[in-house]
Amino acid sequence: MASFLAKRLALALVTIYAVVTLTFFMVRLMPGNAMSYLEAQLSQQGGLTTQQIAAKVQEAYGVQPTGPLWHQYLSYLGNAVHGNFGTSILDPGKTVLSVVAGALPWTLLVVGLALLISFAIGVIIGTLIAAFPQSMLAKIATGVVSFLAAVPNYIIALVLIYLVADQEHLLPASGPYSLTTTPGWNVSFISSVLQHALLPVLSYVIVAFGSWALTMKGSVSTILGADYVRAGEARGLSRYRVTRSYIGRNAMLPMVTNLGLSLGYMFGGSVFIETFFVYPGLGYYLVQSVNQRDYPVMMGCFLLITIAVVVSNLIVDLAYPLVDPRIMSPGRARQTGLTVSGRAAEAQTADPAGRPAA
Amino acid sequence: MKFLRDLWRICRADKPALIGAIVILIYLAVAIIGPFATHVGYQKNPALAYLPPSLKYPLGTDFLGNSVLSELIIGTRPIMEVGILAAVMVVTVGVTVGLVSGYRGGVMDQVVMRITDVFLTIPGLPLVIVIASIVRTTSPFALAAILSVTGWAGLARAVRSQALSLRTSDFIDAARVQGLPLRNMVARQLLPNVGPYVAIHFLLAVTDAIYAEVGLYLLGVAPISGTNWGIMLNLALSQGALYTTQSALYLFSPMLAIVFLQVALVYFSRAMDRLFNPRLRVQ
């Protein structure tokens with residue numbers, strides 16, 4: 001268990017380090033180099049000495065542009081560790097950190113809500129389809145679900161804006177909350193936030209719940225025929241017990257594994273959904289800064305999106321042993337009858353870990 | 001030939017897959033002959049702007065006075081071209097890395113897999129947007145390379161685990177005893193055994209690439225020049241198509257073109273899955 005977590009933690013740190021390094025070299029070395037672009041822009045404006053230009057570039061990127069590359073890289077890394085990612089080029093009064101820190105909660109709110117809702121709907125629909133594969137409803141649901149899973153999320157977002165928000169004015173289609181409310185823990189503000197989050201969340205959910213349902217369906221239908229399920233039924237266990245403890249818990253395993261994989265897609269999709277709904281999260285600022293060539297902000301957004309994905313992956317990894325206790329002590333499965341405590345014995349019956357690993 | 005016969009048999013039984021295959025063939029045909037059949041001008045012609053559908057303009061016209069249908073047809077080739085190119089790159093890199101790493105094993109395998117893990121974790125779309133914004137390219141090859149920057153990792157992981165299990169099989173032992181070089185081991189011994197998986201992944205890689213490519217144009221990150229579905233959507237949005245009903249066809253035609261293609265690719269990939277994985281056919 002400890003080594004499993006140590007490995008995941010190391011991977012998380014390496015990923016963040018890789019992205020920090022990547023952002024540095026992209027800003028510094030790629031064609032159309034962003035730092036020399038800013039230098040050229042400043043010298044074109046005129047009225048500035050070379051030293052002043054260098055100072056401005058240093059303020060924006062937090063790096064002395066004239067030093068040797070390895071030196072720039074080290075000071076960039078040092079700044080990054082301290083949370084200093086420079087300042088916005090367009091709005092020099094704002095640090096990149098303050099921009100992305102203000103954007104993060106909105107992205108987490110919408111992506112988190114969307115993930116929970118689509119996961120829950122997917123589990124329910126997937127289980128139903130697998131349980132009654134011959135029913136008309138299951139066939140229609142399979143068709144609808146596999147169709148929606150193939151539609152790009154930005155198309156769903158645009159259609160929702162067109163149909164619900166702009167033509168009918170049923171729901172707000174832009175901004176995080178209504179300007180007439182005052183931010184704080186009051187009812188009108190929270191309900192305004194939820195109202196504004198509804199359409200963005202819906203755009204994610206419509207696309208995402210289909211693939212959850214398909215995964216759950218596949219997972220449940222392979223387990224339905226498993227020997228240990230038949231054994232449980234043969235022992236006369238109640239239908240509820242078999243469904244919950246034998247089928248449900250095992251069917252959830254691939255779902256939890258998929259959670260980690262889908263996080264990247266969800267956070268990535270924020271680029272479109274937040275842009276179209278003018279929702280001030282990380283994806284919105286990423287696209288804004290790309291179109292305005294505000295590279296420090298762009299890199300900050302990209303870095304924070306990556307960190308958000310990495311940290312959520314870690315949380316999923318931490319939760320995985322709760323769903324699958326076998327990961328905690330791989331040897332225990334073979335020591336049936338020698339369980340140490342009552343809690344462990346209960347875990348053994350709840351999760352049919354006694355079967356030999358497939 | 002047996003392959004095609006099997007494919008036809010499965011498609012006949014699975015109607016969505018058959019429709020998917022037909023739709024893909026139609027798109028390919030349009031992509032190839034489309035540019036010879038029609039053309040699109042870039043001069044503004046106010047008299048023809050936003051015409052309703054008619055015999056001459058079956059899907060109406062856009063803000064410049066161009067036929068929306070012509071634009072759809074012309075726009076097919078660039079999208080399909082980049083999508084297929086990117087998928088070829090994803091599959092080539094993913095399969096090579098996966099097979100060599102899985103077959104060689106040892107320290108190299110460990111190092112390569114850690115690198116793969118990093119690429120699997122980095123959110124692909126934001127990375128693509130960041131790179132595309134710095135590179136700003138119109139070349140289909142460069143665009144395809146940018147789009148496949150993280151896509152290969154998932155395939156490499158899956159292929160590697162297959163290569164690991166193949167490594168201990170008898171025919172690999174036999175090949176090893178003959179002293180075949182690594183290139184032969186990978187390309188002639190291992191590759192045919194992971195072929196089915198690769199074929200399915202190829203189709204899904206095309207959908208991923210098209211999703212991201214249209215997205216880049218939609219956000220204006222890729223340079224807006226020429227005609228393709230993403231550029232059509234971008235222009236429709238910037239002309240305010242969301243706020244009026246008069247340009248609904250101009251807005252929704254490219255969307256439908258994308259959705260049909262994506263759904264067709266996914267449905268057809270399921271038939272491929274069934275073709276290569278006979279256990280699925282029983283259900």
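Colleague: How do α5(A) and α12(A) lie to each other, parallel or oblique?
Modeller: This is a predicted model, and in it the axes of α5(A) and α12(A), residues 295-323, cross at roughly 45 degrees. Angles from 35 up to 65 degrees fall outside the parallel and perpendicular classes, so α5(A) and α12(A) are oblique to each other.

Colleague: How close do the axes of α5(A) and α12(A) come?
Modeller: They come within 9 Å. The crossing is right-handed.

Colleague: And which residues of α5(A) and α12(A) meet there?
Modeller: From α5(A) you get Val96(A), Val99(A), Val100(A) and Leu104(A). Facing them in α12(A) are Pro296(A), Val297(A), Gly300(A), Cys301(A) and Leu304(A). By class, that contact of α5(A) with α12(A) has 8 nonpolar residues, 1 polar and no charged.

Colleague: OK, α10(A) next. At what angle does α5(A) cross α10(A)?
Modeller: Roughly 140 degrees, with the axes coming within 11 Å. Here α5(A) covers residues 96-131 and α10(A) covers residues 239-276.

Colleague: Is that pair oblique or antiparallel?
Modeller: Oblique, because an angle has to be over 145 degrees to count as roughly antiparallel, and the crossing of α5(A) and α10(A) is at roughly 140. That makes α5(A) oblique to α10(A). As for the hand, the crossing of α5(A) and α10(A) is right-handed.

Colleague: Which residues make the contact between α5(A) and α10(A)?
Modeller: On α5(A), Thr107(A), Val111(A), Ala114(A), Leu115(A) and Val123(A). On α10(A), Met255(A), Met266(A), Phe267(A) and Ser270(A). The split for α5(A) with α10(A) is 7 nonpolar, 2 polar and no charged.

Colleague: Zooming out, how many helices and strands does chain A have?
Modeller: Chain A has 13 helices and 0 strands. It counts 358 residues, and 36% of them are buried. Of the chain A contacts with a separation of 6 or more, 67% are between residues 24 or more positions apart.

Colleague: What about chain B, how many helices there?
Modeller: There are 12 helices in chain B, and 0 strands. For chain B, 46% of the 283 residues count as buried. Taking chain B contacts between residues at least 6 apart in sequence, 71% join residues at least 24 apart.

Colleague: What does the C-alpha trace of chain B span?
Modeller: About 75 × 45 × 30 Å along its principal axes.

Colleague: Pick a helix in chain B. What does α7(B) reach, end to end?
Modeller: α7(B), residues 152-167, has 16 residues and reaches 22 Å from its first C-alpha to its last. That is close to the 22 Å expected at 1.5 Å a residue.

Colleague: Which residues of α7(B) are buried?
Modeller: Trp152(B), Ala153(B), Gly154(B), Leu155(B), Ala156(B), Val159(B), Arg160(B) and Ala163(B).

Colleague: And what covers the buried residues of α7(B)?
Modeller: The cover includes α3, α4 and α9 of chain B.

Colleague: Last topic, the contact between the chains. How many residues come from each chain?
Modeller: Chain B puts in 29 residues and chain A puts in 38. On the chain B side, α4, α5, α9 and α11 each supply at least two residues.

Colleague: Which of those gives the most to the side of chain B that touches chain A?
Modeller: α5(B), with 8 residues.

Colleague: How does that side of chain B divide by class?
Modeller: The side of chain B that touches chain A has 21 nonpolar, 6 polar and 2 charged residues.

Technical notes
Residues numbered from 1 in each chain as written. Chains lettered and ligands numbered in written order. Predicted model: local features only at pLDDT ≥ 70, side-chain atom pairs only at ≥ 80, totals over all residues. Contact = placed C-beta atoms within 7 Å. Helix = DSSP H or I, 4+ residues; strand = E, 2+ residues; numbered from the N terminus. Nonpolar A, V, L, I, M, F, W, Y, C, P; charged D, E, K, R; others polar. Expected span 1.5 Å × (residues − 1). Buried ≥ 20, exposed ≤ 12 C-beta atoms within 10 Å, placed from the backbone. Axes fitted to C-alpha atoms, helices over the stretch in contact; angles between N-to-C directions. Parallel < 35°, antiparallel > 145°, perpendicular 65-115°, else oblique. Left-handed = near helix turned anticlockwise from the far one by under 90°.
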